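Colleague: I have not looked at this one before. Could you walk me through how it is put together?

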Amino acid sequence: MNQEQTNITTGKQIRHLRTQLGMTQEELAGELNVTRQALSNWERDVNEPDLNMLKKNGS
């Protein structure tokens, strides 16, 4: 694994996927039933989402 791959955080992955889908933080937060502030904190790696919640919403 190279250095770039090891720097990929959950927050960076969420932001990347959100922008690939052309969604705003507000839109994705609504889909996940969380606040925009919570989503922003995830993207900035302030904290991480509950993975069980993401699995439930992703199915």
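Modeller: One term before we begin: a contact here means heavy atoms within 4.5 Å. Please also keep in mind that this is a predicted model.

Colleague: Okay, so which residues does A29 touch, not counting those up to four places away in sequence?

Modeller: With those left out, A29 touches V34, T35, R36 and L39.

Colleague: And which residues make up the largest nonpolar core?

Modeller: That core has seven residues in all, and A29 and L39 belong to it together with I14, L28, L32, W42 and M53. Two elements, α3 (25–32) and α4 (36–43), each give two or more residues to this core, and α3 gives the most, with three residues.

Colleague: Switching to helix packing, at what angle do α2 and α4 pack?

Modeller: Helix α2, which covers residues 10–20, packs with α4 at about 120°, and their axes are 7 Å apart. On the α2 side the residues are G11, K12, I14, R15 and R18, and these meet L39, W42 and E43 in α4. By type, the residues of this contact divide into three nonpolar, one polar and four charged.

Colleague: What about K12, is it buried or exposed?

Modeller: Neither, because its relative accessibility is 46%, so K12 counts as partly exposed.

Colleague: Which residues is K12 in contact with, beyond its neighbours within four places in sequence?

Modeller: Those are N7, E43 and D45. In the case of N7, its backbone oxygen lies 3.2 Å from a polar atom of the K12 side chain. The C-alpha atoms of K12 and W42 are separated by 8.6 Å, although these residues are 30 residues apart along the chain.

Terms used:
Residues are numbered from 1 along each chain as its sequence is written. This is a predicted model: local features need pLDDT of at least 70, side-chain atom pairs count only at pLDDT 80 or more; totals for chains, interfaces and linings use all residues. Side-chain values use heavy atoms; hydrogens and water are left out. A nonpolar core is a set of buried Ala, Val, Leu, Ile, Met, Phe, Trp, Tyr and Cys residues joined through side-chain atoms within 4.5 Å. Buried means under 20% relative accessible area, exposed over 50%, partly exposed in between (1.4 Å probe, protein chains only). Helices (H or I, at least four residues) and strands (E, at least two) are DSSP runs, numbered from the N terminus. Axes are lines fitted to C-alpha atoms, for helices over the stretch in contact, and angles run from 0 to 180 degrees between N-to-C directions. Ala, Val, Leu, Ile, Met, Phe, Trp, Tyr, Cys and Pro count as nonpolar, Asp, Glu, Lys and Arg as charged, and the others, Gly among them, as polar. A polar contact is a pair of N or O atoms within 3.5 Å; within protein, one must be able to donate a hydrogen and the other to accept it, and residues adjacent in sequence count only if both atoms are side-chain atoms.
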